[in-house]
Structure formats: C-alpha cells, structure tokens
Amino acid sequence: MPSSQKPMRYGHTEGHTEVCFDDTGSYIVTCGSDGDVRIWESLDDDDPKSINVGEKAYSFALKNGKLITATSNNAVQIHTFPDGAPDGILTRFTTNANHVVFNADGNKVAAGSSDFLVKIVEVADSSKQKTFRGHDAPVLSVSFDTKDTFLATASCDGSVRVWNISEQTCETSWPLLQKCNDVVNAKSICRLSWQPKTGKLLAVPVEKIIKLYKRETWHHQLDLKDDFITQTLNVVAWSPCGQYVAAGSIDGCIAIWKMDTQECLERVKHEKRYTICGLAWHPKGGQIAYTDMEGNLGLIESVCDVDEKKSHKATSVPTTKDYDDLFDEDDNEDFLNRDLDEVDWGSKAVINEEDDDDDLMMASGRSRNKGARIEDDENSLDTGLLKADSTHDKDDDEESLAPVQPLSSTQRPFYDGPVPTPRQKPFQAGSTPVHLTHRFMVWNSVGIIRCYNDEEDNAIDVEFHDTAIHHAMHLPNSLNHTLADLSREAILLACESTEELASKLHCIHFNSWDSSKEWTVDMLQGEEVEAICLGHGWAACATSSRLLRVFTIGGVQKEILSLPGPVVSMAGHGEQLLVIFHKGTGFEGDQNLGVQLIELGRKKRQVLHGDPLPLSRKSYATWVGFSAEGTPCYVDSEGIVRMLNRGLGNTWTPVCNTREHCKGKSDHYWVVGIHENPQQLRCIPCKGARFPATLPRPAVAVLPFKLPFCQTATDKGQMEEEFWRSVLFHNYLDYLSKNGYEHDESVKGHAVQEQQNLLMKMFALSCTLEREFRCMELAELMTHNATSLAIKYASRSRRLVLAQRLSELAAERAAEQTAAEESEEEEGKEQQQPQQDFRNHLNAGNTPTEWNQARVRKPQRQQSTENDEEITDQAKEDIPVETKPSKADSNIQGSPIPCESASTPKSAAPVAANQGRTNPFKVSNSQKESLGHSANILDNMTKLSKKNTTPTGRGAPSKEKSPVIKPLIPKPKLKQTAAAAFFQPRTPRTEKKSVEEKGEKNGTPESESKTLTEDNDSKRPKTGFQMWLEENRSCILTDNPHFEETEIIKEGMSRFRALSAEERMVWTEKAKGKEASDPAEGKKRKRLEGVNENKQEEDQLQRPNEDSSSAKKSKSFKKSTVTRLSAFAYKPS
C-alpha cells in the first residue's frame, strides 16, 4: 500500500517552523517563529491548544512531559506539557539558541546557539552544565547519541563535529558544509541525526545526499541519494526502528530510504515547493509530520507499510523472514559490520587524501552501486549462520562481536590528567565577529569602521569622531577585507587569500601631502594576515607564518620579527607596539598567552620580553589596546580590565570589573576606549550579548575604575584604594617625561597634592585608632611638606613618641638627600676632569680666547612694560623641558643650600671649565646686563624642543651651553634663604663648613659674587611679572615644594596669565613706578650698601678660628675686591 499525502494546512506565521509527536503519538506539536507552540489532536483539528513561550521561538523539543523552547530572549526555558505552565529557565546564551534536543532518556538537553557555543544541561538540575567550544560560527544543529556518549553538531563554519560528552573534547570533525556567516544565510540548517537504538550510524545531510558515518571509527560508511532530489537537503530523520531514513530538501521534496537495500522507497513533493524545515516520525512508525518555512503543517500516512515491504522482497525465504523478525537488531549489526569491510578502503583513501566533497560523493557512489551484491552476501551469510550456529543464542552472537568494541572506548577512561584547552583564534580589538553581515571592523578612540556584506551591498563605511581629522568615507569592499584599524593618519585593511589572490595588506594614508594616498602589499604564498595595527608613522601586521612585519606609513618595508607563537591580537599607540600571542598550550579551560611590548622609535627596544599574560580562570582575551595616554591595557572574557603598572616593574594590575556593573547574567560591556585622565572606561552595554549590533547606533557608557582592594566599604579601605589608584593612573606622566612626550605639568602637581591629602587623612584616621606604627608606615610615603604637617598633627594630638619618630625620619631623609647630592657632585667633577684635560690638550698652540670664549646670550631688554606677556611667552618657550640637570643644578633651581654656597652656584664649576676665567668686573655692552646671571643654571641648559617636557630628569651636563631663557631677577638672598629653609631641613655645621671650603677652592668668594648679584639686580629693570613672582614665590613653593626654579617660573607664568587684565595692569604700573624712582636713589643706596657690606666682610675676615694663611689670602683678595667695587660704584656716569 503506497503512502498518502494529506493536504497541508496553516499552522504558524511565515518563518522557521518545527514539528514533533508527543511520547504516545496522540498529538502533533508545532512551534513557529511567532512564539507559539500549538498542540494538534490531528491534522484536521481546527482549534489547537496554543502556548505562548516568547516573542519569537527558534526551536523546541518534547519529552517526558517537559517542553523545551529556545526563544528570542536568548534563553532555553521549560514549560509543562500539555498544560504549558512555565517551569524555569535551563540556560542562557549571549545570542539566540538555534536548536535544542533531548537525549534518549529525556534527562538532558543539548542546545547550540549563534555565539558558537554548545551546552548540555541536566533537566533536573540546571546548574550542572557542560560547554563545548570549538566552532567558529553559529551552531546550526545538535544531536544526542542514543547511548549519551557522543554529541554531534553542525555549524556555519562548514564543519560537522562529534564531541565526547564526558571528556568535553572533540572526537572528530568533517568539513562538509558550505561556510556562511549567519544562520539566515545558511544554505541548509543541516538537521543531522543518530540511528535509534544502536547509534551505529550518524546521518548528515550534505548537498543532495545523506552521508552516513560509522560510530567510534568515524569512517565514512555509505551515501544515500536519489535522482528525485535536485536541491540541497535540509533535514534528516530516522524511523523509530532505525531501518528507514527520511530527508527533506529546500525545494519541498521528501524522500525515504530503506537502509538494508539503500533504495528510495517513497518520494513526496510539497504542494508549493516550499522549503522543508521540520520532519518527525510517529513513535510507532507509519506517519511522518512535516513543516515548511511558510508555517504550514503536513502529514504523510502509510509510510513504508510492513506487509508491502515484505512482499516486495522476492528473494527472501520464510526462514529468513522469521529470523528478521526475531533478530532484527542483530541482523542489522551484522550487516553494518559487513558493510564496513566492503566500503572502508574507499573511505580511508578519501579521508587520508583530504579530498573535497565531490570525491567523497564518488567514493560513496561506488559503494551504493554494490548495494545489490552486498544484500545477497548478507542474506547468504545470515543463512549460513542459521545452519552452522543454530544452537547459539543471542549472547553468543554478541560475544563474537565483542572484540570490535574495545578499540577506543575501553582505554580512554584510564587517562585522568588535565585536558588541553583549544587555542583562542586571532581577533581584532574593537571588532565584532566576522560571520555577521553587518559588523564593526573596529571601534576605537579615533573613529568607527563598519562593514556591510549582504546581497545589496559589500562596502566599508569609515566614520571619525572628530571630523577635523577627516571626513566620513565610503569604500568598496571588493577584496572582502575582514581586518581593519584606524588612526589619525591612515586606515589599514587586510583580507584573506583566495585561490587566485594572495592575502593583502591595504593602507589608505589620508594624511599624506601628496596625491598617492594608497598602497598595497601582497603576502607570500601560503601566508595569511591574522592581526594588524597602526601607530605613529608605522603600520604592522602579524601573519600565519608567525612573522611580524613592520612598514612605514608610506609603505616602506622595515623590520621583520619572528613571533614566539601564533598571534592572538595586536595594538599600536605612538611608538609602542603590543603583541599578544600563544605562549603554549593551556589546560582545564585556561589560555596560555604571552605578551611583547616593543618601542619602534629612534631608540628601538623591547620592554616586555614575552612575559605571561595574566587572565582570569577559564577565560580568554577579548580586547587589547592602549589608554589614550599610552598605557597598555587588555580585557578578558570575565570582564576584568588590567593595566600595565610601569611603577612596579611592568606588572599588570586589575583596575575594573565590568561584570559588577552588569544587571543580568548574560549582559556584558564591550570596551571601546580607556582614559587615565580623567579616569574613564568607555564601553557599550550589550544586553544578552557580548557585542553590539550596528543598528541602531549603540550608546557609549562610562564606567569608573576601581582596584579590587579589600574592605572598600570602610573609610580606610576606600582611601587606600583611591590613593593607589591615583598613583597607578599617574605613572604615565613619568613615562611621557622620560620619553620626551608633551604633557601638562600641572597634572602631576595636582596628583601629588591629591595623594598627600589622602595620606594625611589616613594618618589622622590611624592616629584616632591609636595605630602609631601604621602612622609611621604612611609617613614613609609622604613628601617633606606633608611629613612636617604630620609632625604638627602628632604634636597637637599629644602623641610625642610618634612626633619624635617622625622628626627622626625627616632628619634621616634630609641626611640621605645631602649625601646623594654630594655623591652626584663628585661624579660630576670626575666627568668634568677628562673634558678639562682634553681642552688643555687642544689649547696647546692656541690662545685661550680662541677655545674658551664664553657664549653668553644678551637678553632682550624690553623698554615698554606693555610687552610683559610677550616676554613671559618667550621665556616659557625657552625653558628647557627635558634637560636632565645634575643634582647641583637642581639646588640652584629650587632646593635650598647654605648661605655660603647660595651665592656661588655649584653648577658654575663645569661652566667655568668650558668658558674659561674672565674678568668679573669688566663692564662691557655685551655683558653688562647678563653678568650677574652668567652662573645661573637656566642660561647653561641645553635648548630642546617643546615635546621634551622632563624637568625632573637627571644626568650629566651637556657639552653645548646654548642660552635658553631670559633669566628672571632673583629675590634678595636673605628672603630667598628664609623661604627655602621653611621647606628643607637645616644643614649641619659640618656640612656648612665643607661647603665653605669647596667655595674657596673654586676661587669664587662669597662677597664677590654676592656684590655682583646685587649690583646687577639694582641695574636691571623689573617687569610686572617679575614683581608678582617675587611676591607669590612662597605660595608656589608651599603648594609644590618639590618644584625647581624652571618649574616655579612656569607655574608662575600660568598663574599670572590667569589674572584679570586689570590685575596685570596694576603690577605693570608698579613696575613702571619703581623703575622711575630707582635712578634718583639708586646711587645713594649702592654707596650705603657697599660700605656696610665692606665692613661686614672685614669683620668676617678677622675671625680668630680661621686658618691664618687662608685668612691672609682671603683678606687681601677681599680688600682688592672692595677697592674695585667702590671705584665702580662711585664712577661718574
């Protein structure tokens, strides 16, 4: 009796629709994209029961009174059947699940989703889950082995995989399907299925045929095909007895094969040729329900009638029929073993040679042509077994087959060690998965690059956050670029290789000043670009050959480096290149990654030499890049953001946990940028997903940073976290200063002030808690000024022991600082000695003036006080911003020194070595204005570019002493010394004496330099800014005690400019008034001061405790000095 096809009827709205029978076969159950599950008593049921499970349903499964559905909220949920009451959520994915199935017992559910994951969840306890990772695209379908040993999956990446459930490992993988980037674009949903009862065969629909693979050996067994099938098969379903296979195609054709004969018994066509997307056998056989993509339901009855198929078999004998009825299962097993011997050779040849699908079909086709002969051999074999082994029962027959089973299953459970983790695939930071039709190729602090790859268009859109950099761009994507990076100079693209073309690196240098703004480089044969990045003036790519290729931004090939392992991701910023790669094989879900940090500037060096990259447990890297200030950072899949701590030996510190800000378990934050000043983590919230969609345009959220300190709910823990976070997030200032980058000097001052305020608060809290030892620990982190305040606080709190210890700590620091200054001074003298010997050698045969002529810049005297701001601007430009002065230089600029040495700068010694001895009393036009300041360190520092902004660096003095700044008139010595003494500890008498002796050895008496300085101070007219600076110098030093002279000047300039125009005019008028009154009384003051100073000098020279010889020499020298100064002071004009 042939099968009969009933007319189809409407079931659901247009879209993917699935169908199944309940356990008893009493109902037909369908599930559609409209989110409804309908229960039909028969095909003619006009009022089916409907259960709404969500806005949209993608798949469902029914077993043991449990209804499992995969809905649009990315959840797999349970309902009771047939009541339809919600019974909880089994699991969640970041995107929608595409297929769910029960196992044979109904106690487990397998689900595959579009986020590339497959999960197995126990129905009784949803917390018991197993996750299978390995697919590189959305999962199309899943199928349980009847013995719960294996799980088969199909994916859009073109592979069909078999997983070992207990070990969570991939047993085998076949590249059978056509690759695509999403389920909606898949040519087939590939609903594969295991053979019931025995699970010996796995049926996979591939193109127009059904491929069957042998269990455990995974050899290709045979193919089922028919000329009736002209389009790709979409779904496969086994009959409950395991003897028949039904398949539906995308053009509405349904075919049914018998496994014994491999013949196509039934052929049914859809009424309207719609795609068949659901097939289900009745539990007792004889009926097949099917659905199409339009939501219609159909039914085929009297399928493969038992009487009909037995009468159709003319070659069978009555004894064979009885044998088939009694030992149907054993006969099938014997047939499969026999069939494996016949076909195994061709399958092995095809698999070993890694031929394509056409070769596989040819090999399987030859096996199918032998079907009649195989059937005859099988029948004769079965008859022989009946005659020879009639006394053997079923157990004996199974014992004869026993040696086939232990080949793989009996030995694997003995290994109980760690399981290797599949390696993470390369990714581009700030990009979404490649399989998406509309995706972000990169989203960074410069702009956004989107890619559209659908039937209408294949193009790339570039959008800049700041349109001043460049206007938006629309680029064709004819080469199918998959990687992109964006900077302020260029756009970098890369594509995969094809059969005709090599992998290419394409750069659009829109910042180029010439007309040729694009260049392309072809990789070598077999070499694929896996990661790219852009920096300042360079581009780089990492390839599958484990090579790192560096290019200039104009396309010149530069360095080629070998990577220690397969690349994972890359990032660039300025001259820095960060490379993440696989350092080795990870185990138990952990990735084993390494990191390299390379500087590609003029001084090329490697900062991180393949150090291990810390990750959270069982996580992988999701974002790699730099902060806006140039600090390397990365994010892992657990949402932990880590930053390089340059102040702690280039270690990694966690600075934020984005999971703490997620509302739902499946919510994530997609990082797009990190800023250290202000402290901001810029990211996009993704509800129920790991990455955002391109439309609508995602909104960027800002998350705060927080170090994972303990007890942050208390005041102590909160202040500790704030302090160390401030220290960490301002380490970049030292890096910028050291490498010559431009930055704001005031930022560091504010950071230090903030840190000292936090330390003082913690100090006060510790005093309140009577934790004096903790107070000492905090004092070690304080500056000198903060330590002084701590001493005052401890004294007022009547903690005298603590105050005493703090005073000892301050004195110890002062002694260490003085010792360090003296050691560096001696090193500087030792370095100057070879230079002096070299000059003496050069001076042989030459006059001293030829080599030792001092290069002194004549300051530009401004006659009008209206140009005061222009003078300060010029002075600011001339301030050396990256010179590394010696310790002696720093003393002149800001740190206090004893009175005897204050008038004779220590930096004058190396200057004199280069300039030679000159007459300090000779008045000339070229030296009249700058004579008193020739020893000032500001006139002897090397002039650098504006980008070099390191005032605190230290090093040997430069050989070139070019003038850099117009020196400001210093304060009177008594005031300056008093102001400096407020911030620094007093120098012991022994140190004062040693400084005096050094001053005498240098041949520069105190009174001489002091008189010269005051003389020149009186001659030089002061500007309004200089007068303001003298009044406010103490305030600047109070706020910034560590500032040197150049820093004080720059800070004063910034504060003076912040004044209103009226206030600046007042200071300008003061300068004019003082300048007008000075000539009238200048001579009288000079005479009086000269007489008083001479008397003081004579009194000092007559001290009895000084050495007699040195006293005579000094006295005679002082008298000559006084004579010359008095003659100069009373010289008529």
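Here are some worked exercises on the predicted model above.

Before you start, know that residues are numbered from 1 along each chain as its sequence is written, and that side-chain values use heavy atoms, with hydrogens and water left out. As this is a predicted model, local features need pLDDT of at least 70 and side-chain atom pairs count only at pLDDT 80 or more, while totals for chains, interfaces and linings use all residues.

**Exercise 1: the whole chain**

Task: Find how many helices and strands the protein chain has, and what share of its residues count as buried.

Solution:
- Start with the terms: helices (H or I, at least four residues) and strands (E, at least two) are DSSP runs, numbered from the N terminus.
- With that in hand, the protein chain has 24 helices and 52 strands.
- Next, buried means under 20% relative accessible area, exposed means over 50%, and partly exposed is in between (1.4 Å probe, protein chains only).
- The chain has 1133 residues, and 50% of them count as buried.
- On the outside, the chain exposes about 55,600 Å², with 50% of it supplied by carbon and sulfur atoms. Those areas come from the Shrake-Rupley method with a 1.4 Å probe, and for residues only the protein chains shown count as cover.
- Finally, take contacts (heavy atoms within 4.5 Å). Among those with a separation of 6 or more, 52% are between residues 24 or more positions apart.

**Exercise 2: cysteines**

Task: Work out how many disulfides a search of the whole structure finds.

Solution:
- A disulfide is a pair of cysteine sulfur atoms within 2.5 Å.
- The search turns up zero of them.
- Now look at two cysteines. Cys451 counts as buried because its relative accessibility is 5%.
- Cys1035, at 39% relative accessibility, counts as partly exposed.

**Exercise 3: helix α21**

Task: Check the span of α21 and say where its kink is centred.

Solution:
- The expected span of a helix is 1.5 Å times one less than its number of residues.
- Helix α21 has 16 residues (1024–1039), so it should span 22 Å; its end C-alpha atoms are 22 Å apart, which agrees.
- For the kink, use the bend at a residue: the angle between axes fitted to the seven residues ending there and the seven starting there.
- The kink in α21 is about 55 degrees and is centred on Asn1032.
- The buried residues of α21 include Phe1025, Trp1028, Arg1033 and Leu1037.

**Exercise 4: aromatic pairs**

Task: Decide which kind of pair Phe723 and Trp724 form, then do the same for Phe763 and Tyr793.

Solution:
- Rings of Phe, Tyr and Trp (its six-membered ring) pair if their centres lie within 6.5 Å; planes under 30 degrees apart count as stacked, over 60 as edge-to-face and the rest as tilted.
- The whole structure holds 19 aromatic pairs.
- Phe723 and Trp724 are one of them: 4.9 Å centre to centre with 75 degrees between the planes, an edge-to-face pair.
- Phe723 is buried at 5% relative accessibility, whereas Trp724 is partly exposed at 38%.
- For Phe763 and Tyr793, the centres are 6.1 Å apart and the planes are at 75 degrees, so this pair is edge-to-face.
- Phe763 is in helix α9 (residues 745–768) and Tyr793 in helix α11 (residues 784–796), so the pair links distant parts of the chain, 30 residues apart.
- Phe763 is buried at 0% relative accessibility, while Tyr793 is partly exposed at 32%.
- There is also an aromatic cluster formed by Phe150, Trp174, Trp194, Tyr213 and Trp218.

**Exercise 5: backbone oddities**

Task: Find where Pro82 and Pro678 lie, and whether Gln262 and Gln711 are buried or exposed.

Solution:
- Most residues other than glycine have a negative phi, and most peptide bonds are trans.
- Phe81 and Pro82 are joined by a cis peptide bond, with omega about 5 degrees. Pro82 sits in the loop between β9 (75–80) and β10 (86–92).
- The bond from Asn677 to Pro678 is cis, with omega near 5 degrees. Pro678 is in the loop between β50 (668–676) and β51 (679–686).
- Gln262 has a positive phi, near 60 degrees, and counts as buried at 3% relative accessibility.
- Gln711 has a positive phi of about 55 degrees, but at 61% relative accessibility it counts as exposed.
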